[in-house]
Amino acid sequence: MCDCSQKQDDKTVGKVETVTLFSKCPVPYRPGRDILEHTIPIGSDRMPIDSVQSSSSDTTCDSAKISSTDTESSSESSRTYKFVCPTEYDYSGEEEGLKLSPVCFETDRVKEIVEKESDIEYTLAIIKPEAVVYRKEIERRIYAEGFEICQTRWLQLTPEQVAEFYSNRFGELSFPHLVAYMSSGSIIAFVLAKENAVEEWKRLIGPTTVAEARLYFPDSIRARYGRKGDNIKNAVHGSCGRERAEKEIHFFFPEFITEPLLRDETAEDFLWDTINPVLVEGLTLCCKHRPADPVLWLAHWLILNNPNKPKLPEDLALIPT
């Protein structure tokens, strides 16, 4: 049936030709609902789109291919327009000079944004001997800036340990004075964790020179608690880079793990590939033996059957020692 508002006499209806158009619409394509056929007068410049969707300035129709070459016999004749999905349209035999405008399928819906969890960095912080009395104030400032204190150690270094820790500064004129000062009293070492922790801690403590820190960064830790006129007694120490931070952390905390933790699918794959096979074997043997203390038996079995435990090759293991 014809959707035109004008009533036409059946005797005056001429030939009908089919024209395939693309519907350029901001609404996503819906199979079975967007393939419609409308009959409009051939003399009309635009196709009425009220029956397809609400009138919008963003909706346009581009002519793509004419299936028949019949001439227009009269103004009374009509054409049949068929809407198809652009991805299903056959472009074979298309004219080279004809370029179709891209069809937009984006809508005004709220897009779902998946934010990747950024990696947490670790850095070393040291409260030097003259600033230990301000440890509570410095700790409060650390927490206020969003850092997490993962490890804490209160100790006093020997001159040999200080020289090993500051080995990168060996050869400087102030090196002997630095060794003597850092070994003169107790210090507090922290492992701090935060996103971009190395640069954030350097920003918080301020420049190495106390006078410069008080002039340009009066709110920094060194400006508040450092001793003016002495660049070595600047209250706190901070790692200069990420690699240096890992070395310094392992100097004070040898067993601390600085590698990023496994998350989501990576952690699940690690459990299934590494932990699960060993645990299943141990639990199976535990069920067979039925010991009086299954937890203690399983712990002992895991120690003896640790897959990461170094083992000698069979030919060397057979040699008596």
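Trainee: Does Leu271 count as buried, partly exposed or exposed?

Mentor: The model is predicted, so local features need pLDDT of at least 70 and side-chain atom pairs count only at pLDDT 80 or more, while totals for chains, interfaces and linings use all residues. Residues are numbered from 1 along each chain as its sequence is written, and side-chain values use heavy atoms, without hydrogens or water. Buried is under 20% relative accessible area, exposed is over 50%, and partly exposed lies in between (1.4 Å probe, protein chains only). At 47% relative accessibility, Leu271 is therefore partly exposed.

Trainee: Which helix holds Leu271, and what accessible area does its nonpolar surface patch have?

Mentor: Leu271 lies in H8, residues 264-289; helices (H or I, at least four residues) and strands (E, at least two) are DSSP runs numbered from the N terminus. A patch takes residues with over 30% relative accessible area and no salt bridge, joining like charges within 9 Å and nonpolar side chains (Val, Leu, Ile, Met, Phe, Trp, Tyr) within 5 Å; a salt bridge is a Lys or Arg side-chain nitrogen within 4 Å of an Asp or Glu carboxyl oxygen. Areas are Shrake-Rupley values with a 1.4 Å probe, and for residues only the protein chains shown count as cover. Leu271 forms the patch with Phe270, Ile275, Leu279 and Leu283, and their joint accessible area is about 410 Å².

Trainee: Which helix gives the most residues to the largest nonpolar core?

Mentor: A nonpolar core is a set of buried Ala, Val, Leu, Ile, Met, Phe, Trp, Tyr and Cys residues joined through side-chain atoms within 4.5 Å. The largest one has 22 residues, and Leu124, Ile126, Tyr166, Met182, Ile187, Phe252 and Phe253 have the most contacts inside it. Strands E5 (121-127) and E7 (187-194) and helices H2 (159-165), H3 (175-182) and H7 (242-252) each supply at least two residues. With five residues, the top contributor is H3.

Trainee: Which residues does Met182 touch, beyond those up to four places away in sequence?

Mentor: Contact here is heavy atoms within 4.5 Å. Met182 is among the residues with the most contacts inside the largest core. Its partners are Ile126, Lys128, Pro129, Val162, Tyr166 and Ile187.

Trainee: What phi does Ala235 have?

Mentor: Ala235 sits in the loop between helix H6 (221-225) and strand E8 (236-238). Its relative accessible area is 0%, so Ala235 is buried, and a second, separate core of 19 residues includes it. Although Ala235 is not a glycine, its phi is positive, at about 80°.

Trainee: What phi does Arg290 have, and where is this residue?

Mentor: Arg290 is not a glycine, yet its phi is positive, about 50°. At 72% relative accessibility Arg290 counts as exposed. Its place is the loop between H8 and helix H9 (294-304).

Trainee: How many residues apart are Tyr122 and Phe256?

Mentor: The structure holds eight aromatic pairs, where Phe, Tyr or Trp (six-membered) ring centres lie within 6.5 Å; planes under 30 degrees apart are stacked, over 60 edge-to-face, the rest tilted. Tyr122 and Phe256 are edge-to-face, 5.3 Å centre to centre with 80° between the planes. Both residues are buried. Tyr122 is in strand E5 and Phe256 in the loop between H7 and H8, a separation of 134 residues.

Trainee: What geometry does the pair Phe170 and Phe175 have?

Mentor: Phe170 is exposed, with a relative accessible area of 65%, whereas Phe175 is buried at 10%. Their ring centres are 5.5 Å apart and their planes stand at 80°, so the pair is edge-to-face.
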